[in-house]
Amino acid sequence: RIRWPPVPCSSTELVPEMLKHGFNSLTILHHDLEEYVTYKYLEGATVYNVTDPHVNRSAALGPIIKNFTDALHALRLTVLFQPYEVSCPPRMCDQFKLYAGSPDLDRVLQARYREFFEATGADGIIVTVSDSWSPRAGYQFHKVWSNAEELAQVATSFHTAVVTRCAKKMIFRLWEWRGQSDWEVLVKGTPDDLAFSVKVTAGDYLLDQPIHPLLQNTSKAPGQRPIMVLVDVFRQYNGWGKTICYVQQWKDRLKQAWTLGVRMLNVWGAWSPGCTWPDSGSQLVNGTAGQFKSWQGLYN
C-alpha cells in the first residue's frame, strides 16, 4: 500500500513512494500546452505580441516545470504530459485553417511541440484529440475530425510532430470509441509504431461498463499495435478523488489485457483539480499565486 502523508508533500517527495511499487513513468495531466509555447518557431506568423501577458507567463512557467522534470529524470522516471487537443490562442484561428489533412495543422503542431519539448524537457505525450468536452482543452477548442479516416490523418499529423520531428514518445488516446471497423481504419491509416490507449471500460469509468472492446478476449488489437490501458483509482464517481479506490472487477480485465499482449498501464490520480496553473501570470513570477485554478489558462 502507498502511505499517504498526513500533511501535504511536494510531488518530488511522493515520487519515491511510486518507485517502491515499480512505476517507471509519471504522466502530468495538463489540459493544454499553450502555457509553455509562444510559437517562436512558427515562421511568418505572429500569434502573440511581445506585450501579451502570455509571453512573460510562458517564460516563467517553462523553467518551473523543467526543474520538476529534471528532478524526475534524476530518479530515472519517464515524464509524459497528457494534453487535450486541439486548442489555440485567440489569434491562431485568424491565421490558420486547422482541420484533418490541412498543411496548416501540420505546421502549427510541429512548431508547437518543438517549443514545448524544449521548454519542459518532457519525454512525450499521451494526447487526447477526440474529446468532445471543449472546455477541457482550454483556449479556443477545435474538433478537427469527424470520422475514422480523418482521425487517422490527425493521429499521423501528431505522430509526425512528436515522434518524427522531436524524437519523443506519443500515445494516442481513443476516448470516443467508434467500433471495430474504425479501429481497422486507424491501423491502416497511421504509422506502424503509433501506440494507442483505451480505458479499461467501454465507456467512462462507471461500474456497470463492460470491458473495452479492444481488450475483449477475442480482440486482435494488442497484436496489431501497442496498447495502453487506463485505470481510474481516484474514483471521480465516488467522492471526486478523496481516497484511493481500486475496483476489484478491473483486476481480471487487466490480467486479460496482459494475456492479449498489453504491456502499458496508466493509473490515474485525482484529475478533477488537474495540473493547471493559476490565471495570473504575475503571481506566478512573484510567488503569490492563490488557490484559484482555471481549466482554460490565461485566455479563459
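# Group meeting: a walk through a predicted model

Let's start at the surface: the chain exposes about 14300 Å², and carbon and sulfur atoms supply 53% of that area. Please keep in mind throughout that this is a predicted model.

Now the overall picture. The chain has 300 residues, and buried ones make up 47% of them. In terms of secondary structure, there are nine helices and nine strands. If you take the contacts in the chain with a separation of 6 or more, 73% of them come from residues 24 or more positions apart.

I'd like to spend some time on helix α2. It runs over residues 53–74, and we can check its length: 22 residues at 1.5 Å a residue should span 32 Å, and the end C-alpha atoms are 33 Å apart, so the two agree. At the start of this helix, Asp-52 places a side-chain oxygen within 2.8 Å of the backbone nitrogen of His-54. His-54 is itself one of the buried residues of α2. Others on that list include Arg-57, Leu-61, Ile-65, Phe-68 and Leu-72. If you like helical spacing, recall that an α-helix has 3.6 residues a turn, so residues three or four places apart point the same way.

Which α2 side chains meet in a salt bridge? Look at Lys-66 and Asp-70, with 3.0 Å from N to O. These two are four residues apart in α2, which means they are separated by about one helical turn. Lys-66 counts as partly exposed, at 28% relative accessibility. Asp-70 is partly exposed too, with a relative accessible area of 34%.

Just beyond the helix, what is notable about phi of Arg-76? It is positive, near 65°, in a residue other than glycine. Arg-76 sits in the loop between α2 and β2, and it is exposed, with a relative accessible area of 77%. Further along there is another residue to put beside it: Ala-167, with a positive phi near 55°, again in a residue other than glycine. Ala-167 belongs to the loop between α5, residues 148–164, and β6, residues 169–173. Ala-167 is exposed as well, with a relative accessible area of 65%.

Next, a stop at the loop between β2, residues 78–82, and β3, residues 87–88, where we find Val-86. The peptide bond from Glu-85 to Val-86 is cis, with omega near 5°. So much for the backbone there; the side chain of Glu-85 is worth a look too.

That brings me to charges. Side chains of opposite charge can pair when their charged atoms come close. A search of the whole structure finds eight salt bridges. One of them joins the side chains of Glu-85 and Arg-112, at 3.5 Å from N to O. This pair links distant parts of the chain, with Glu-85 in the loop between β2 and β3, Arg-112 in helix α4, and their positions 27 residues apart. Are these partners buried or exposed? Both Glu-85 and Arg-112 are buried.

Asp-192 and Arg-225 form another salt bridge through their side chains, at 3.9 Å from N to O. Here too the pair links distant parts of the chain, 33 residues apart: Asp-192 is in the loop between α6 and β7, and Arg-225 is in the loop between α7 and β8. Asp-192 counts as exposed, at 69% relative accessibility, whereas Arg-225 counts as buried, at 3%. Going back to the earlier pair for a moment, salt bridges that share partners join Glu-34, Glu-85 and Arg-112 into one network.

My last stop is Glu-115, which is found in helix α4, residues 103–120. How far away is the nearest side chain of opposite charge? That side chain is Lys-40, 5.0 Å away, and Glu-115 is buried yet has no salt bridge. The cut-off for a salt bridge is 4 Å, so a distance of 5.0 Å does not qualify. As for its surroundings, leaving out residues up to four places away in sequence, Glu-115 touches Tyr-36, Val-37, Thr-38, Tyr-39, Lys-40 and Tyr-41.

To recap the charged groups: Glu-85 and Arg-112 are a buried pair joined by a salt bridge, while Glu-115 is buried without one. Thanks, everyone, and I'm happy to go back to any of these spots on the screen.

Methods: Residues numbered from 1 in each chain as written. Predicted model: local features only at pLDDT ≥ 70, side-chain atom pairs only at ≥ 80, totals over all residues. Heavy atoms only, no water. Expected span 1.5 Å × (residues − 1). Buried < 20%, exposed > 50% of the residue type's maximum accessible area, 1.4 Å probe, protein only. Polar contact = N/O pair within 3.5 Å; in protein donor to acceptor, adjacent residues only side chain to side chain. Lys, Arg positive; Asp, Glu negative; His and termini not counted. Contact = heavy atoms within 4.5 Å. Areas by Shrake-Rupley, 256 points an atom, 1.4 Å probe, with all protein chains shown as cover.
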